[in-house]
Each structure stands twice: as C-alpha cells, then as structure tokens.
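Good morning, colleagues. I would ask you to turn to the sequence and the structure now on the screen, and I shall then speak about charged pairs and surface character.

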Amino acid sequence: MTPRWRLPLRFAVLGYITLLILLPVGTVFYRAFQHGLGAAWDAVTAPDAVHALWLTILVALIAVSLNTVFGVGVSIILARHRFPGAWLLDALVDIPLALSPVVIGLALILVYGHSGWFGDWLAAHGITVIFSVPGIVMASMAVSLPYVVREVLPVLQEIGTEQEQAARTLGARPITLPNIRRGLVYGVTLTTARVLGEFGAVAIVSGAIAGKTQTYTLFIANSIDNLDPQSAYAGAVLLCLAALLVLTVLTLSDRGREAWHRKAPA
C-alpha cells in the first residue's frame with residue numbers, strides 16, 4: 001500500500017467504527033448519566049434490576065463452567081483420537097454459530113416444553129425446564145457451545161502429543177491443561193461474553209417474568225417497553241462495563257498467547 005493511501009484508510013476505518021460503535025455507545029453513556037449519578041444508581045439498584053443481574057451472573061457461572069468442561073473434552077477427543085464420525089461431531093459443534101438464537105430457543109421449547117417430546121415425562125416428575133432457570137441455562141449453553149472448542153482445539157493440534165507422551169513415560173503428571181491454558185482462557189472469556197449478552201434464545205425460553213426469569217438483557221428490553229429509559233440506559237452501561245472487562249481479559253490473553261508462541265520451540 002502506498003503511503004498516500006494510509007492516512008485516508010485510517011480515517012475511513014476510524015469513521016466506520018465511530019458511526020457504528022463509539023457514537024451510539026457514547027450516547028447511551030450520556031443518557032444514563034444526564035440526570036446525575038444518583039438516578040443511574042437508583043435504576044441499577046432497583047429490586048428487579050438486582051434480581052436480573054444476579055440471575056445473569058448465576059446463569060453465566062453454570063453455563064460457562066459446563067461448556068468449559070464440555071469444550072475441553074471434545075477438543076481432546078477431536079485432537080487425540082481418530083474415529084468414524086469425528087467430522088460430524090466437529091460440524092455439530094458449530095451449529096449454534098449458524099442458527100439464529102431464536103431458532104435455538106424455539107427448538108428447546110419443542111423438546112422440553114409442556115407439549116414437547118419430554119414435556120409429559122418432566123411434568124410427571126415435577127421438573128420444569130421452560131420458563132424457569134434450567135431453560136435459561138440450557139439456552140445460554142446452546143448459543144455459547146462452540147467457543148471453548150474452537151479456541152482449545154487448534155492449540156492441541158499445534159502442540160501435538162510428544163510432550164504428553166514424554167511426561168507419561170517419565171511418570172510425570174499430565175501437562176495437557178498447562179499447555180492449553182492460553183486458549184482455554186480465551187475460549188472461556190468469549191463464552192462468558194456470549195452468555196452475558198444473550199437475548200434471543202433466552203427471551204423465548206424464559207418468559208421474561210420480572211423478578212423470576214428475567215435476565216439483564218431482558219430487563220433492559222422490558223424497561224424500554226415500559227417507557228423507563230433511565231433503567232434501560234443505566235443497565236446498558238453496566239453491560240458495557242462488563243464487555244470492557246471481557247475485552248481487557250481478551251487483550252491480556254492474546255498478548256500472553258503471542259508471547260507463548262514466540263518462546264515456543266519451532
């Protein structure tokens with residue numbers, strides 16, 4: 001690229017990001033605090049807002065933990081074992097990336113709802129999945145399923161099995177987890193961000209009952225519908241701060257991965 005095009009291209013990129021992200025997000029911050037810090041604080045400490053926040057944190061803890069275990073297990077299976085149908089398992093992991101979250105939520109209702117495949121059996125045993133916390137957790141797990149696998153699997157394929165075989169021969173402890181920790185942190189961070197920001201699938205399976213099954217994204221949407229913009233703006237700022245925290249972790253993890261690759265033997 002010639003030097004004369006570098007500056008215009010930079011301005012074009014910055015303008016694009018400003019129009020799509022910086023300006024809208026900046027407006028949200030302005031609206032959240034235009035009536036003072038006290039009004040924003042009152043909005044995010046209202047009972048429904050606090051319940052929605054804690055429910056979101058609970059769902060994230062469960063969904064991220066289970067998807068981390070699943071993701072590491074599937075990555076090890078795909079990287080270390082050869083079996084018929086491995087390509088199918090690899091493709092199935094990516095289905096949530098191709099499907100709309102609304103479709104995923106509807107599919108969960110068709111299977112676990114009162115009129116679904118397992119609805120009668122679940123009802124007979126007093127188990128409620130749809131319009132309750134288990135349904136929210138399942139929807140969050142479904143939409144965030146691929147991220148740990150897609151970050152850990154390439155790391156396992158790159159490092160190979162030589163170190164693990166050497167450790168096993170010498171009677172040392174397994175070294176798989178230390179070797180994949182950079183990719184694992186990256187995958188867990190992406191999964192957390194996806195769960196915190198999920199709306200479509202959760203809106204379908206939760207019922208969005210205030211104080212019961214309303215996550216924070218649903219609380220923001222409900223505040224807009226109920227003509228309570230202050231709560232919506234303040235809640236959006238809180239989610240933005242969570243996103244900035246996730247971005248910070250991603251950046252630090254990415255720098256760590258680059259440093260690891262520089263130190264790793266060819």
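Let me begin with helix α14, which contains L238. Please bear in mind throughout that this is a predicted model. L238 has a relative accessible area of 30%, and therefore ranks as partly exposed.

What does L238 belong to on the surface? It is part of a nonpolar patch, together with L53, W54, I57, L58, L61, I62, L66, L241, L244 and L247. Taken together, these residues present about 960 Å² of accessible area. Two elements, α3 (47-80) and α14 (229-263), are the ones that each supply two or more residues to this patch. The greatest contribution comes from α3, with 7 residues.

I turn now to the charged side chains. As general background, side chains of opposite charge can pair when their charged atoms come close. How many salt bridges does the structure hold? The number is 3.

The pair I would take up at the outset is D90 with R150, where the closest N and O atoms are 2.6 Å apart. D90 sits in helix α4 (residues 86-93) and R150 in helix α9 (residues 146-159), so this salt bridge ties together parts that are 60 residues apart in sequence.

R150 also meets the side chain of D94 in a salt bridge, at 2.8 Å from N to O. This pair likewise links distant parts of the chain, since D94 lies in the loop between α4 and α5 (95-98) while R150 is in helix α9, 56 residues apart. D90, D94 and R150 are accordingly linked in a network of salt bridges.

Are the members of this network buried or partly exposed? D90 is partly exposed, with a relative accessible area of 29%. R150 is partly exposed as well, at 25%, and D94 is partly exposed at 26%.

The remaining pair to describe is R194 with E198, whose closest N and O atoms are 2.5 Å apart. Which of these two residues is buried, and why? The cut-off matters here: a residue counts as buried under 20% relative accessible area. E198 has a relative accessible area of 3%, and is therefore buried. R194 stands at 22% relative accessibility, so it counts as partly exposed.

To close, I would leave you with two items from this predicted model: the nonpolar patch, to which α3 gives the most residues, and the salt-bridge network of D90, D94 and R150. Thank you for your attention.

How values were computed
Residues numbered from 1 in each chain as written. Predicted model: local features only at pLDDT ≥ 70, side-chain atom pairs only at ≥ 80, totals over all residues. Heavy atoms only, no water. Patch = residues over 30% accessible without salt bridge, like charges linked within 9 Å, V, L, I, M, F, W, Y side chains within 5 Å. Areas by Shrake-Rupley, 256 points an atom, 1.4 Å probe, with all protein chains shown as cover. Salt bridge = Lys/Arg side-chain N within 4 Å of Asp/Glu carboxyl O. Helix = DSSP H or I, 4+ residues; strand = E, 2+ residues; numbered from the N terminus. Buried < 20%, exposed > 50% of the residue type's maximum accessible area, 1.4 Å probe, protein only.
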